[in-house]
Amino acid sequence: MELVCPAAEVDPIPSKDDPKELPDPFNDLSVGGWEITEEPVGRLSVWAVSLQGKVWYREGVSHPNPEGSSWSFVDTPGEAVQISCGPHDLLWVTLWEGQALVREGINRNNPKGSSWSIVEPPGSENGIMHVSVGVSVVWAITKDHKVWFRRGVNSHNPCGTSWIEMVGEMMMVNVGLNDQVWGVGCEDRAVYFRQGVTPSELSGKTWKAIVAGRENDRSHSGSSMSLLSAGCFFGDEVRVSGTESAPNDTDGSSEVERRGSEQPLPEESLDSSRSPKGSLAPGPGRTPECAVDTACSAEDKGKAVEAPSPEEHSGPAATPAELPWTNIDLKEPKKVTSHPASSFPETTGLSSLGLFPLGMEEPYGADDHLLWAWVSGAGCAVEAGSALKWFTVHSGLSPSVQTLSLSITPAQTAAWRKQIFQQLTERTKRELENFRHYEQAVEQSVWVKTGAVQWWCDWKPHKWVDVRVALEQFTGHDGARDSILFIYYLVHEEKKYLHVFLNEVTVLVPILNEAKHSFALYTPERTRQRWPVRLAAATEQDMNDWLALLSLSCCESRKIHGRPSPQAIWSITCKGDIFVSEPCPDLEGHEHLLPCDQMFWRQMGGHLRMVEANSRGVVWGIGYDHTAWVYTGGYGGGCFQGLASSTSNIYPQSDVKSVYIYENQRWNPVTGYSSRGLPTDRYMWSDVTGLQECTKAGTKPPSLQWTWVSDWFVDFSVPGGTDPEGWQYASDFPASYHGYKMMKDFVRRRCWARKCKLVTSGPWLEVAPIALGDVSIIPESPDNSEREHNIALWAVSDKGDILCRLGVSELNPAGSSWLHIGTDQPFASVSIGACYQVWAVARDGSAFYRGSVSPSQPAGDCWYHIPSPPKQRLTQVSVGQTSVYALDENGNLWYRAGITPSYPQGSSWEHVSNNVRKVSVGPLDQVWVIANKVQGSHSLSRGTVCRRTGVQPREPKGQGWDYGIGGGWDHISVRANATVGTHSMSQEQETHGPVCC
């Protein structure tokens with residue numbers, strides 16, 4: 001029950017500007033919004049629902065002006081019955097039809113929001129009856145009393161993503177402080193508390209009933225569970241001082257009973273000192289802190305409790321602070337018999353929890369069961385993990401002993417604790433002082449973890465070998481940690497071992513393997529050799545445990561922890577795993593260049609196909625199913641739990657991709673096209689190259705983390721087109737395929753696809769509802785003093801439309817809405833440079849430049865066609881500070897020459913390199929690529945991170961390549977990295993002057 005301290009008489013709040021008019025009867029009221037981002041301190045949002053189903057907002061409510069100024073009508077698409085407002089910007093409304101309304105656009109400048117979004121109920125048969133919201137949670141009760149939790153609710157997506165049914169049936173639920181949840185049971189009408197609610201598990205674990213009985217305390221004052229006038233349970237500590245007198249059953253409240261049964265109060269007295277519905281006025285000896293505000297029960301509806309006048313109190317005189325309560329806009333309050341007050345002062349157990357039982361006007365016997373109708377935990381702060389004493393009855397204690405335990409005040413308890421703590425501190429100092437001259441017996445501690453895994457032997461017989469591994473971690477007296485991984489194996493019955501210092505490990509990466517749960521360890525030397533240490537665990541859980549443990553040890557050795565910096569470099573493997581690397585000033589220096597094979601990469605949770613970052617911390621990603629995701633600021637998730645993961649900003653994530661195989665046939669003059677080919681032909685069921693046999697029965701998902709979610713189906717969207725049955729024709733294998741049969745077409749193929757799904761978690765939130773194929777965020781230099789509040793972001797939808805995201809900022813990285821940019825053909829790639837120069841590549845391979853793009857004109861005005869390199873079709877473009885690079889379908893990297901501020905389209909394409917998969921140009925015009933093939937001393941790697949060396953203003957194409965981590969990498973983004981050595985930066989600017997747009 002929420003306790004209210006009345007400092008003055010409560011005045012009626014009219015619902016219209018004219019105080020003479022009667023207010024619209026209100027059906028529900030909710031107060032929140034006190035923690036809206038950058039909200040002025042003390043401002044509140046008060047929302048109400050009238051019996052006519054209208055939603056009202058109270059203007060100007062704040063601590064200095066708690067009554068506000070006026071009511072504002074907020075139009076809704078339906079008839080509302082109930083409303084719930086959270087402390088931040090969540091506002092949900094329940095409709096008569098069973099749907100829910102969600103208010104969007106709530107912020108400090110517009111606390112009323114801008115628009116409504118409709119959320120359908122979990123099922124079509126039973127609509128939503130009740131809803132309650134918190135900081136980032138929404139709980140709902142449907143008409144069949146089922147409890148539902150809304151998944152994916154946050155400030156960026158107040159509507160959430162889906163409903164999850166919880167165990168149990170409730171009449172109502174209430175979300176209190178720290179997103180803790182209270183409820184009233186459907187059958188037993190008991191008060192329940194949701195246990196296990198934490199920032200990482202907002203749905204909690206189980207419902208637990210709160211012991212809130214009266215224990216036959218109407219006739220005596222010795223029970224620890226009495227306070228009938230408040231109608232609630234009091235638990236652990238006493239909040240009022242021991243010198244205050246506790247009212248008993250005969251003080252004040254008995255006077256009210258006599259007055260209610262014998263003679264009514266005069267009308268004038270009723271008008272001047274009205275009590276709230278279902279509440280009791282403060283009695284004698286009761287301080288304002290003990291005044292309790294309650295709600296009506298089903299039987300008490302329309303009744304009010306009479307407040308005794310001060311002169312009729314039989315007890316100590318009321319203090320001046322005890323002002324009478326007044327009802328709000330009740331013309332003729334009716335009289336009901338008041339219940340006797342408890343003899344115990346208020347405690348801090350459940351005293352902040354608003355409870356109201358059904359049938360309060362009926363006398364209770366010793367064994368009567370309270371039927372609760374309403375609960376509110378808005379004033380009860382429960383820390384996650386704290387031990388609660390509300391769920392058991394303290395039996396075996398006499399009333400006198402219970403009364404004695406309740407007489408201990410918090411002030412006394414705090415004084416005892418402080419005294420004990422001081423004594424313990426002094427004793428510890430005395431004991432340590434006697435041994436200060438002794439040498440430290442142990443200078444470092446050693447921690448060891450062992451296990452059985454498989455290790456890939458890179459020499460003969462070139463196979464997986466069963467080995468034992470041991471991770472030894474040393475902790476010095478200064479707290480510094482270092483670790484060594486030992487791998488013990490047998491060669492010709494001889495025991496041998498190899499070891500890896502984890503402070504030398506540059507990356508731990510899972511390997512795409514259909515049959516094993518394997519991962520690789522790289523060091524700078526093994527990166528240059530393309531020869532990592534590969535290990536495989538027996539189960540997925542074992543692999544995840546080892547990955548998390550080794551990754552945490554590597555980060556501790558390098559003293560790296562927490563979320564990545566805003567200027568981190570992001571990359572993605574062909575498996576979809578996300579990695580980040582913290583850049584150092586020497587990474588892009590010109591004098592002491594740091595080799596990129598020494599960069600340390602750590603894995604982030606989640607699964608993506610591509611990622612794009614900005615130096616202000618805005619990071620977007622796109623999954624294989626074209627779903628857009630925005631980075632939440634956390635780290636970890638997936639297999640990284642505990643210390644290797646943040647406790648907040650981790651959300652569920654899923655991804656869907658297709659696996660493709662090809663059915664090949666050759667023409668037979670007798671039978672026509674058949675599955676029997678020539679001896680030199682490719683496999684009749686193969687991959688796209690024809691070099692590997694892939695049958696429907698033998699093809700598995702990409703790895704053991706994926707599961708099939710569909711059957712095989714014909715893919716009609718392959719390049720070159722198909723006939724109605726999905727076949728493509730050609731003169732021979734391999735050749736260019738077309739979707740129609742000609743006279744000299746002797747072979748044909750058909751593409752089959754099957755979808756598989758991966759479910760994981762990570763610091764990512766979905767950006768709905770448009771599916772994307774490419775995204776680009778403007779790169780910004782750290783010395784840019786004229787930063788715009790909004791961050792420019794362009795994207796290409798999966799259908800080829802060009803889009804511009806509005807409202808993207810550091811506080812709102814997801815943005816607010818999409819702006820469609822007109823085009824005459826579908827596009828495949830887009831990139832925006834540091835000076836708002838927008839380049840794009842169409843699906844036919846042609847390039848385009850968008851003119852007049854600026855902060856004031858984010859969409860620009862028109863497209864300029866840029867000719868492609870001769871006989872080449874472009875697939876990707878990347879724009880930095882002044883440089884423009886493009887990639888064609890044959891892996892050639894091109895540089896756009898002749899770009900000037902007066903002629904931003906440039907003059908010609910110049911060839912830079914071949915063997916390139918992806919390119920990323922950063923805010924310093926640095927060029928990083930994913931190379932297709934890189935030869936090492938031991939093997940060849942496909943998908944290697946490479947950096948262009950020698951890039952300078954006078955030589956923007958650079959001179960050579962520096963090879964980094966690989967293979968198996970598929971994407972990289974350096975567009976957030978503007979970190980450069982101070983000496984190198986100043987020398988370059990002194991020689992060539994500042995680079996301006």
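Setting aside the neighbours within four places in sequence, Q598 is in contact with T506 and P524, and this residue makes a convenient place to enter the structure, which is a predicted model. Q598 is found in the loop between strand 28 (578-581) and strand 29 (602-604), and with a relative accessible area of 38% it is partly exposed. The sequence puts Q598 and E504 94 residues apart, yet in space the two lie 8.6 Å from each other, C-alpha to C-alpha. Beside Q598 in the numbering is D597, and D597 is linked with E525 and R528 in a network of salt bridges.

That network leads to the charged side chains. Side chains of opposite charge can pair when their charged atoms come close. A search of the whole structure finds 15 salt bridges, and a few of them can be followed one at a time. In one of these, E59 pairs with K112, and the closest N and O atoms are 3.1 Å apart. Because E59 belongs to strand 3 (residues 55-59) while K112 sits in the loop between strand 7 (100-104) and strand 8 (115-119), this salt bridge ties together parts that are 53 residues apart in sequence. E59 has a relative accessible area of 23%, and since this is not under the 20% that marks a buried residue, E59 is described as partly exposed. K112, with a relative accessible area of 26%, is partly exposed as well.

Another salt bridge joins the side chains of K146 and E169, with 3.4 Å from N to O. K146 is in strand 11 (residues 146-151) and E169 is in strand 12 (residues 162-175), so here the pair ties together parts 23 residues apart in sequence. K146 counts as partly exposed at 26% relative accessibility, and E169 is partly exposed too, its relative accessible area being 33%. Further along the chain, R917 forms a salt bridge with D970, in which the closest N and O atoms are 3.7 Å apart. This pair links distant parts of the chain, for R917 lies in strand 53 (residues 916-921) and D970 in strand 59 (residues 969-973), 53 residues apart. R917 itself, at 28% relative accessibility, counts as partly exposed.

Strands 11 and 12, which hold K146 and E169, also belong to a sheet that deserves a careful look. Here 7 strands form an open sheet in the order 9-10-11-12-13-14-15, and their pairing is antiparallel. At the edges stand strand 9 (128-133) and strand 15 (206-209), and because each of them has a single partner strand, one side of each is left without a neighbour in the sheet. On average, neighbouring strands of this sheet are turned by 40° against each other, direction ignored. Within the sheet, strand 13 (residues 181-185) and strand 14 (residues 191-195) run antiparallel and are joined by 3 bridges. To see one such connection, the reader can look for G183, whose bridge partner in strand 14 is Y192.

The aromatic rings offer another way through the structure, and the count of aromatic pairs comes to 28. One of them is formed by F26 and W71, an edge-to-face pair with 5.0 Å from centre to centre and 70° between the planes. F26 is in strand 1 (residues 26-32) and W71 in strand 4 (residues 70-74), so that the pair links distant parts of the chain, 45 residues apart. The two partners differ in their surroundings: F26 is partly exposed, with a relative accessible area of 33%, whereas W71 is buried, with a relative accessible area of 12%.

In another pair, the rings of W92 and W163 have centres 6.1 Å apart and planes at 80°, and because planes over 60 degrees apart count as edge-to-face, this pair is edge-to-face. W92 lies in strand 6 (residues 91-95) and W163 in strand 12, 71 residues apart, and the pair therefore links distant parts of the chain. Both W92 and W163 are buried.

Rings can also gather in a group, as with W839, Y849, Y864 and W909, which form one aromatic cluster. Finally, charged residues and rings meet in two places described here. The charged end of K696 sits over the ring of W752, 3.4 Å from the ring centre, and R748 lies over the face of W727, at 3.8 Å from the ring centre.

Notes: Residues are numbered from 1 along each chain as its sequence is written. Side-chain values use heavy atoms; hydrogens and water are left out. A salt bridge is a side-chain nitrogen of Lys or Arg within 4 Å of a carboxyl oxygen of Asp or Glu. Helices (H or I, at least four residues) and strands (E, at least two) are DSSP runs, numbered from the N terminus. Buried means under 20% relative accessible area, exposed over 50%, partly exposed in between (1.4 Å probe, protein chains only). Contact means heavy atoms within 4.5 Å. Two strands pair if DSSP finds at least two bridges between them. Axes are lines fitted to C-alpha atoms, for helices over the stretch in contact, and angles run from 0 to 180 degrees between N-to-C directions. Rings of Phe, Tyr and Trp (its six-membered ring) pair if their centres lie within 6.5 Å; planes under 30 degrees apart count as stacked, over 60 as edge-to-face and the rest as tilted. A charge sits over a ring if NZ of Lys or CZ of Arg is within 6 Å of the ring centre and within 35 degrees of the ring normal.
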